[in-house]
Amino acid sequence: DKTKIDGALHQLELSLKHKTANFGFSMLNRLKPKWFNGTDPFDSLAWNDTISAFQAKLAKGGYLEGLIDRYLLNDNIMIFTMAPSITFGEDLVREEQQRLSSRIDDAIQSAGGEEKARLKFEQQEQELLVEQNKINSEDLSCLPTVHVKDIQRTKEPVVVRDEVQNGTAIQWHEAPTNGLTYFRGINTLENLPDDLRELVPLFTDSIMRLGTKDMAMEQLEDLIKLTTGGVSVGYHSTPSPTDYSASSEGIVFTGMALDRNVPVMFDILRKLVLETNFDAPETALRIRQLLQASADGIVNDIASSGHRFAVGYAESSITRSAWLRQQVAGLSQVKLVTRLAGRPESDQFEDVISKLKQIQQFALSSDNMRTAITCGTESVTQNSNSLQSFMKTLPQGVSDLKNPEPRRLPTDRKTFFPLPYQVYYGGLSVPTVSYTTPDGAPLQILSQLLTHKYLHHEIREKGGAYGGGAMYKPLDGLFGFYSYRDPNPQNTMSIMRNAGRWAVNKEWSDRDLEEAKISVFQAVDAPKAVNQEGMGKFLSGITEEMRQKKRYQLLDVSKNQVKEAAQKYLVDALERGEERTAFLGERQSWVDDSWKTQEMNVAVGE
């Protein structure tokens, strides 16, 4: 099928033109294999010559078929089959117990008795503690390092231009993009009903799967590959940089295309959102397949990054923005998806499809749409005209939503989610300050100090967890602790609660502060792809002035400021009972009545 071949070539062309943050490094990785085997790297960079040679061979006929016959349709294969075991968990526990018993017996025999073996283990444990504690007093001054003085105090701002055309707000960022145009649009929604919000992820999955009345999804996918670098629709929420307790939400649209294909990109977005056919006979089957796939994926996510879900739930009882995220991407979404996926085969999802159709009515409208376009200066006029034409095709007056009984934020201080894991995932969060508040800078430095100087040492090296640390979210105004694959949750909770007091009493050195600032700026000054430049302002309202002020504050943080922040936002907050804690894992006796237990009713595996 020539259309599919042209689509694949188009995607290759876009991947070469798209300027990512690691553009140069990626190019070197592509050149390296052939370069090391004697190929001139400039030959590999001659993209147009390669395409011309491919098209010439393709025109002769039988080229791709010959490659398949030569490299795939032969007997030079290896078949590797994996079969699941229903008793894997029990077998693993039994094998570990047998291995432990064998090691203990060997140790007793080697030491000449059980008491001697116990004394030997105690001696080794003390020696290990001595070695582990050496890390806090090691002299690292001889190692090469960068210094805070090497970091520029000011950074060249990203230049964006705001304008309003026919009622549509547009943020322009003119940059060298290799002939590509990047589009983002946010349809801000007020009073979005809670029962519709939680189905937005299913809606955004559905429109990429169901097709329209006049085009099957396969045809739409071919068109997307042939004319764009991809389009997407998703849920968006953000706190305010001046008030972390306030938040806004909406549906975000993104797309990338060569300048000449921008009108087609807009038409594809419109077609996907407004014309997806939810009345087709196979809709219920497609919805069930999406729910089952999503349920499997989410359950696997919990096994690999359960601490993210635990922290997210802890945060959701502190701020509205965190609660919104929890509804569409947290444990609440897990419970919803698994509940829907578990419906009987005879269920036709009439109630779900009805709500998806309600979302379709207001998802893409010109009522509260604001947009951002990144492109070359030479394409601004053309893209402006295309955007205006696109906006004229959108419905109006459909975003007057009502949420008569909004759900309240959870109020439980400690929440436990019973799941059949052998280890635990946990998080503890406290409220702090908004992005523009000066205290945010020492809190950000504090999170690095606690992670590398205290929590990693105590939770992982001593406690046996796979990992643990602290994090500060400047925009969300939240400070948190986490641990994952943790065999000692009670010990970890004690460490988390003591972290603030430890930071207040710690005599921080200049080097400690220096390392923490460098670690923070590793992320602050990380390269960005051209389509990410200026997005902090568009997505969350963080202006270049706010960003530069935050930069000064981070560079100027003192040791006393770190201690004051630890005292005010950790020690005092915990004394006032402002923290929220969430853990996932097997329920044990320590999960008493002080915990609110939330049953998940999902089958999971390690």
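Contact here means heavy atoms within 4.5 Å. The views below are taken from a predicted model.

**View A. The buried side of helix 1 and its packing partners.** Helix 1 comprises residues 2–17, and its end C-alpha atoms lie 23 Å apart, in agreement with the 22 Å that 16 residues should span at 1.5 Å a residue. Its buried residues are Gly7, Leu9, His10 and Leu14. These residues lie on the same side of helix 1, because the arc that they cover around the axis is only 165°. Their packing partners are two helices, helix 4 (47–60) and helix 10 (217–227), together with strand 3 (180–189) and strand 5 (243–258).

**View B. A salt bridge within helix 6, between Arg99 and Glu95.** The closest N and O atoms of Arg99 and Glu95 are 2.9 Å apart. Both residues belong to helix 6 (residues 88–111), where a separation of four residues corresponds to about one turn of the helix. In an α-helix, residues three or four places apart point the same way, because there are 3.6 residues a turn. Arg99 has 42% relative accessibility and therefore counts as partly exposed. Glu95 also counts as partly exposed, at 35% relative accessibility.

**View C. A salt bridge between helix 15 and helix 8, formed by Lys355 and Asp195.** In this salt bridge, the closest N and O atoms of Lys355 and Asp195 are 3.5 Å apart. The pair links distant parts of the chain, with Lys355 in helix 15 (residues 350–363) and Asp195 in helix 8 (residues 194–197), 160 residues apart. Lys355 is partly exposed at 25% relative accessibility, and Asp195 is partly exposed at 29%.

**View D. A salt bridge from a loop to helix 22, formed by Glu507 and Lys563.** Glu507 and Lys563 form a salt bridge in which the closest N and O atoms are 3.4 Å apart. Distant parts of the chain are again linked: Glu507 occupies the loop between helix 18 (489–505) and helix 19 (510–524), whereas Lys563 lies in helix 22 (residues 559–575), 56 residues apart from Glu507. Glu507 is exposed, with a relative accessible area of 64%. Lys563, by contrast, counts as buried, because its relative accessibility of 18% falls under the 20% cut-off.

**View E. A salt-bridge network of Asp267, Arg270, Lys271 and Glu275.** These four residues, Asp267, Arg270, Lys271 and Glu275, are joined into one network by salt bridges that share partners. The model has a count of 39 salt bridges.

Key. Residues are numbered from 1 along each chain as its sequence is written. This is a predicted model: local features need pLDDT of at least 70, side-chain atom pairs count only at pLDDT 80 or more; totals for chains, interfaces and linings use all residues. Side-chain values use heavy atoms; hydrogens and water are left out. The expected span of a helix is 1.5 Å times one less than its number of residues. Buried means under 20% relative accessible area, exposed over 50%, partly exposed in between (1.4 Å probe, protein chains only). The arc is that of the directions from the helix axis to the C-beta atoms. A salt bridge is a side-chain nitrogen of Lys or Arg within 4 Å of a carboxyl oxygen of Asp or Glu.
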